[in-house]
Every structure is written in structure tokens, then in C-alpha cells.
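Student: I would like to go through this model with you and ask, term by term, what justifies each word we use for it. Could we start once the structure is in view?

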Amino acid sequence: MKYIKVKTYEELSRKAAAVIAAQVISKPNSVLGLATGSSPIGTYENLAKACDNGDLDFSDVTSVNLDEYVGLSTDNDQSYRYFMNKNLFEKINIKMENTNVPNGCAADIEAECKRYDALIEDLGGIDLQLLGIGLDGHIGFNEPCEEFVKGTNRVTLDPSTIEANARFFASIDEVPREAVTMGMQAIMQAKKVLLIANGKNKAEIMEKAFFGPITPKVPASILQLHPDLTVIYSEN
Ligand code: GLP
């Protein structure tokens, strides 16, 4: 594991973008696993800038996002599909048809989970997976539990996650209670994993996740077993 501590969110965002840029330059048809939340916003801004300058070309890239809320349509501005369109996809030259986010409005969510796993397999797996981390150690929306979950799955969000994510909604009552998330298999089988986090409030979970025991009670801790993991953390 490469555990890189940086001083500011700006530095974190530049370094994370550089890791993703290196991936896209060395393999233009990369499959990128992407994340939402506040942490990757600066990274996405840097990628958009590089694409605008002509330094990066996403025209052969395919993306698979980690997760989506159950019940939010793609045009709902709180959906992760909407977030990705606004913060990245509309700002770079990726082909929209090559971007994938689980469908949280699928009539049959279990079938959607299977479809998503099959899609990742058909793509040959993920070359680089970008992750954030929740305050309870979740990655994607894989919440603390008794056993790691292998495939894409439907989850009930922890009250602490609902509370943490309420900042993006008009009120806590609007935060969906369920989500669809990629499971641990696709994440752990990604050739490279890049996890980014910032803020003093993440210091404790970062310590537990990367220097504590490997346990499904701290889902991100499984990443300690990944052969090519880079973690970039800014306390500020
Ligand atoms: C959400 C997402 C996660 C993300 C986490 C942390 O719950 N499902 O993928 O990593 O939030 O978000 P933030 O980066 O805003 O702290």
C-alpha cells in the first residue's frame, strides 16, 4: 500500500487526478471505476481541465460507477448519475454511452445487480477504481456488516450514512434509505485502487481502515489486501 499524506484538498485533488491521468495515458481504453461524494469533486475538476487543454483523451474510456440511490431517477439532481454528468461526464470527451451507473429505478433491483456484475465482467474488469470512504468505513455503499458482500447488492443505509449524506439534500427526510452498490469482488479485482479522503473528521476511520484489523465491520479495511492500493489523505 502507498499511503500518501498531503497538506491540502487542492494537493490531494491534483495528485489523484495525476494517478488517473497516468492510467488513461498508458491505456487509452481503460475501464475506470468512479465514485461520488464530495472527495472526488476536485479530482474531477483537474481531469476536466486536462481534457480541455488537450492533455487527456477520454474518447476510448469506459466508466462504471460504484453506486446509486434506490428510487432516484437520472434527472433527479441528488442522483449519482446526475452528479457524474454534471461534475465529470459533461466536462470531458467521454462517450455518454460508455458511462455506466447502476439503475436505482430498475423495476427489479436484484436483476439490476446481476446485470451490473455481468457488465463489469464483460468489460474485462476495472483497470483503476477510485474510492472515497464514509465516516463508518463504507466504500461505495458497502456498510459495516458481519460478512463482506461479494457482488453488486441492494443495501439499507446506516443511520449514520443517512445523516452524513443529508448535507446534500434539502432535509434528512429526503435522503433515500436504500442504495445499489458494487460489491467487494469487483472492487478487489480492480487492477489498481485509489482511495482519497480529506478532513480531520476522517482521521479516526483512516487509521482503523488502513492500520487496524481487516474486518467487515470496517469495510474499507479489506483494501489492505489489495496488491496495488494508493491512498491519498489530507487532514485539512
Ligand atoms: C457516499 C458514497 C461513497 C463516498 C462517501 C464519502 O456515501 N456512496 O462512495 O465515498 O459518500 O463521501 P465524501 O467524499 O463526501 O466524504
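Student: Leaving aside its neighbours within four places in sequence, which residues is Ile205 in contact with?

Tutor: This is a predicted model, and in it Ile205, once the neighbours within four places in sequence are left aside, is in contact with Ile133, Gly134, Leu135, Asp136, Gly137 and Val218. Ile205 itself is found in helix H7, which covers residues 203-211. As a further reference point, Ile205 and His138 are 67 residues apart in sequence, while their C-alpha atoms are 9.8 Å apart in space.

Student: Why is Ile205 called buried?

Tutor: The word buried applies under 20% relative accessible area, and Ile205 has a relative accessible area of 8%, so Ile205 is called buried.

Student: How do you know whether Thr43 is buried or exposed?

Tutor: The same kind of reasoning serves here: buried means under 20% and exposed means over 50%, and the relative accessible area of Thr43 is 0%, therefore Thr43 counts as buried. Thr43 is found in helix H2, and, apart from neighbours within four places in sequence, Thr43 is in contact with Ser13, Ala16, Ala17, Ile20 and Ile196.

Student: What makes S2 and S3 a pair of strands, and in which sense do they run?

Tutor: Two strands pair if at least two bridges are found between them, and 4 bridges join strand S2 (residues 31-34) to S3, the two running parallel. One can point to Gly33, whose bridge partner in S3 is Val64. Between these strands the chain passes from S2 through helix H2 (residues 41-52) to S3, and this β-α-β crossover is right-handed.

Student: How do you know that S3 also pairs with S5?

Tutor: The requirement is at least two bridges, and 2 bridges join S3 to strand S5 (residues 99-100), again in the parallel sense. Val64 serves here as well, since its bridge partner in S5 is Asn100. As for the side chains of strand S3 (residues 62-65), Thr62 and Val64 point one way and Ser63 and Asn65 the other way, and all are buried.

Student: What makes S1 and S5 edge strands?

Tutor: The open sheet has 7 strands in the order S1-S10-S9-S6-S2-S3-S5, with parallel pairing, and strand S1 (2-6) and S5 are its edge strands in that each pairs on one side only. For S1, the pairing is with strand S10 (residues 229-234), in the parallel sense over 5 bridges, and within it Ile4 has Ile232 as its bridge partner in S10.

Student: Which strands pair with S8, and in which sense?

Tutor: Strand S8 (residues 178-181) is joined to S4 by 3 bridges, and these two run antiparallel, with Glu68 standing opposite Val180. Strand S7 (residues 153-156) and S8 also pair in the antiparallel sense, over 4 bridges, and there the bridge partner of Val155 is Ala179. Set against the requirement of at least two bridges, the 3 bridges of S4 with S8 qualify, as do the 4 bridges of S7 with S8.

Student: How many residues line the largest pocket, and which lie nearest its centre?

Tutor: The lining of the largest pocket has 32 residues, and Gly37, Ser38, Asn165, Arg167 and Phe168 lie nearest the centre. Strand S4 (67-69), helix H3 (80-87) and helix H5 (159-165) are the elements that give two or more residues to this lining, and H5 gives the most, with 4 residues. The space in this pocket is about 630 Å³, and its lining divides by class into 12 nonpolar, 15 polar and 5 charged residues.

Student: What is the volume of the second largest pocket?

Tutor: The second largest pocket has a volume of about 200 Å³, and its lining residues include Asp117, Ile120, Glu121, Lys150 and Gln185. Helix H4 (109-122) and helix H6 (184-188) each supply at least two lining residues, with H4 giving the most, namely 3 residues.

Student: How many residues in the lining of the largest cavity are nonpolar, polar and charged?

Tutor: There are 9 nonpolar residues, 1 polar and no charged; the residues of this lining include Leu32, Phe58 and Ser63. Serine is not among the residue types counted as nonpolar or charged, so Ser63 is classed as polar. The volume of this cavity is about 30 Å³.

Notes:
Residues numbered from 1 in each chain as written. Predicted model: local features only at pLDDT ≥ 70, side-chain atom pairs only at ≥ 80, totals over all residues. Heavy atoms only, no water. 1 Å grid on protein atoms, 1.4 Å probe; cavity = no way out; pocket = protein on both sides within 12 Å on 5 of 7 lines; lining within 4 Å. Points joined across faces, edges and corners; volume = space filled by probe spheres on them. Buried < 20%, exposed > 50% of the residue type's maximum accessible area, 1.4 Å probe, protein only. Right-handed = clockwise from strand over helix to strand, strands pointing away. Contact = heavy atoms within 4.5 Å.
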